[in-house]
Amino acid sequence: MSPSGPIPHVQCCHVGPIPGRGIAISNLSPAEVTRYERQITLDGWGREAQEHLKSSQVLIAGAGGLASATALYLMAGGLGAMRLVDGSRVSLADLNHQVLFRERDLGKPKAAIAERRLKEINPFVTVESHGKVLSQHNVLRLAANCHVLIDASNNAGAGALLNLAAAKQHIPLVYARVWAMTGLLTTFWPGRGPCLACASLEAPENHHPALLSPLPGIMGALQALEVLRLLGGLGPALLGRVLIFKGDQFMFAEKIIRSNPQCPVCAA
Ligand SMILES: [Zn+2]
């Protein structure tokens, strides 16, 4: 993918609420109010957004480098519940960028280790891990009752499955990819904007791409920010926009993507 130029400005995209979000609003305990004080006192966020966040559940596909940052900030930020799916085990080559893991975790299932470590960050968040590969047989069950799906898998097959689940549930899919010194991030929302099948995103398909250690952390933190925006009711910043980070030039760029009227996923 070639960047189309510098970002002129960031716009909030008002496309209506996520189905199911905000039906039951969770009250915050006094300890949670103190814990999230920096957010609750933030102009444009506040207690209502924090309570919506606590009422929300997400599915994160992948427990690698992207998820190490995405999941960590969603936990710290005060999400309600997180379901994590990853069928792989920690290897030595993961440790340069998958910062959830330690040397003592080598050979162990990533999903279970990630669950344990994430729970240490914030005991108010429910975390459920599934040490399995995302498949057409389990994706809808794993996505059930979620308000946002998060693709942190760096895997084209998982992306397509999550896109179908997002279309079926009419919910957003926040999608990130990293390779070499490049990262990309966008939000798909079948029915309200383009979906993954509408767009032609040309991230190289490589399950173990060469990359410098901070890249997944940078994109994962941005992915968490977009998810927080969606769950807090601020709306997606990246619906119809692909944010591209070029680490070798320290430059952000964007590409506009549009719904495809012929898209079979959106039409279904
Ligand atoms: Zn589509």
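**Notebook: the eight-stranded sheet**

I began at one end: strand 7 (residues 241-246) and strand 8 pair in the antiparallel sense over six bridges, with K246 opposite M251 in strand 8. My terms: strands (E, at least two residues) and helices (H or I, at least four) are DSSP runs numbered from the N terminus, and two strands pair if DSSP finds at least two bridges between them.

A note to self on the source: this is a predicted model, where local features need pLDDT of at least 70 and side-chain atom pairs count only at pLDDT 80 or more, while totals for chains, interfaces and linings use all residues. Residues are numbered from 1 along each chain as its sequence is written.

Next I looked up the whole sheet. It is open, has eight strands in the order 3-2-1-4-5-6-7-8, and its pairing is mixed. Strand 3 (126-130) and strand 8 (251-256) are the edge strands, each pairing on one side only. On average, neighbouring strands are turned by 15 degrees against each other, direction ignored. Axes here are lines fitted to C-alpha atoms, for helices over the stretch in contact, and angles run from 0 to 180 degrees between N-to-C directions.

Then I turned to strand 1 (residues 57-61), which runs parallel to strand 4 with four bridges. Five bridges join strand 1 to strand 2 (residues 81-85), also in parallel. I60 is a handy landmark: I found it opposite L84 in strand 2 and opposite I150 in strand 4. V58 has V148 as its bridge partner in strand 4.

How enclosed is strand 1? Five of its five residues are buried, so the rest of the structure largely encloses it. Buried means 20 or more other C-beta atoms within 10 Å of the residue's own, with C-beta atoms placed from the backbone. Q57, L59 and A61 cover one side, V58 and I60 the other.

Strand 4 (residues 148-151) gave a similar entry: V148 and I150 on one side and L149 and D151 on the other are all buried. Strand 4 joins strand 5 (residues 173-179) in parallel by three bridges, and D151 has Y175 as its bridge partner there. From strand 4 the chain crosses through helix 7 (residues 156-169) to strand 5, a right-handed β-α-β crossover (with the strands pointing away from the viewer, the path from the first strand over the helix to the second runs clockwise).

Last, helix 7 lies across strand 1, strand 4, strand 5 and strand 6 (182-188), at about 170 degrees to strand 4.

Note on methods. A residue is buried if 20 or more other C-beta atoms lie within 10 Å of its own, exposed if 12 or fewer, and partly exposed in between; C-beta atoms are placed from the backbone. Two residues are in contact if their C-beta atoms, placed from the backbone, lie within 7 Å.
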